[in-house]
Amino acid sequence: MGRETDRIGFVVERDGIEGAREWVKCTLQIYRSAIDNPKSHASKPEYRAQFEDAIRELEAWLLGSDVGEKRRR
């Protein structure tokens with residue numbers, strides 16, 4: 001389990017699964033934008049890989065939560 005998964009767990013407890021999905025979608029947008037912005041520290045070589053890892057972790061969680069929701073229906 002990675003750092004983003006821990007953060008998502010906190011948001012799920014606080015805001016529920018739907019709130020967490022929205023938080024993940026928003027965070028993904030922010031991180032993606034940051035790594036593409038040369039003015040952002042996230043785009044710098046020493047940080048970019050960490051943000052890319054976080055993006056993959058968030059995407060995996062979001063995909064898993066969507067699959068889980070479809071199974072419950």
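Helices, taken as DSSP runs of at least four residues, are numbered from the N terminus. The exercises below concern a predicted model.

**Exercise 1. The lining of the largest pocket**

Determine which helices each supply at least two residues of the lining of the largest pocket, and which gives the most.

*Solution.*

Step 1. The pocket in question has a volume of about 150 Å³.

Step 2. Its lining consists of Arg-3, Glu-4, Arg-7, Tyr-31, Gln-50, Phe-51, Asp-53, Ala-54 and Glu-57.

Step 3. Helix H1 spans 3–36 and helix H2 spans 45–72, and each supplies at least two residues of this lining. The most comes from H2, with 5 residues.

Step 4. Sorted by class, the lining contains 5 charged, 3 nonpolar and 1 polar residues.

**Exercise 2. The surroundings of Glu-4**

Establish whether Glu-4 is buried or exposed, and identify the residues with which Glu-4 is in contact, leaving aside neighbours within four places in sequence.

*Solution.*

Step 1. Glu-4 is placed in helix H1 and is one of the residues that line the largest pocket.

Step 2. The cut-off for a buried residue is under 20% relative accessible area. Glu-4 has a relative accessibility of 6% and therefore counts as buried.

Step 3. With neighbours within four places in sequence set aside, the contacts of Glu-4 are Trp-23, Tyr-31, Ala-54, Glu-57 and Leu-58. Among them, Tyr-31, Ala-54 and Glu-57 also appear in the lining of the largest pocket.

**Exercise 3. Salt bridges within helix H1**

For the salt bridges of Glu-4 with Arg-7, Arg-21 with Glu-18 and Lys-25 with Glu-22, give the distance between the closest N and O atoms, the separation in sequence and the accessibility of each partner.

*Solution.*

Step 1. Side chains of opposite charge can pair when their charged atoms come close. The criterion applied is a nitrogen–oxygen distance within 4 Å. The whole structure holds 7 salt bridges, including the three treated here.

Step 2. In the pair Glu-4 and Arg-7, the closest N and O atoms are 3.1 Å apart. Both residues belong to helix H1 and lie 3 residues apart, about one turn. Glu-4 is buried at 6%, whereas Arg-7 is partly exposed at 35%.

Step 3. For Arg-21 and Glu-18 the corresponding distance is 2.2 Å. These residues, too, are 3 residues apart in helix H1, about one turn. Arg-21 is buried at 4%, while Glu-18 is partly exposed at 44%.

Step 4. For Lys-25 and Glu-22 the distance is 3.8 Å. Because they are 3 residues apart in helix H1, about one helical turn separates them. Lys-25 is partly exposed at 40%, and Glu-22 is partly exposed at 47%.

How values were computed
Residues numbered from 1 in each chain as written. Predicted model: local features only at pLDDT ≥ 70, side-chain atom pairs only at ≥ 80, totals over all residues. Heavy atoms only, no water. 1 Å grid on protein atoms, 1.4 Å probe; cavity = no way out; pocket = protein on both sides within 12 Å on 5 of 7 lines; lining within 4 Å. Points joined across faces, edges and corners; volume = space filled by probe spheres on them. Nonpolar A, V, L, I, M, F, W, Y, C, P; charged D, E, K, R; others polar. Buried < 20%, exposed > 50% of the residue type's maximum accessible area, 1.4 Å probe, protein only. Contact = heavy atoms within 4.5 Å. Salt bridge = Lys/Arg side-chain N within 4 Å of Asp/Glu carboxyl O.
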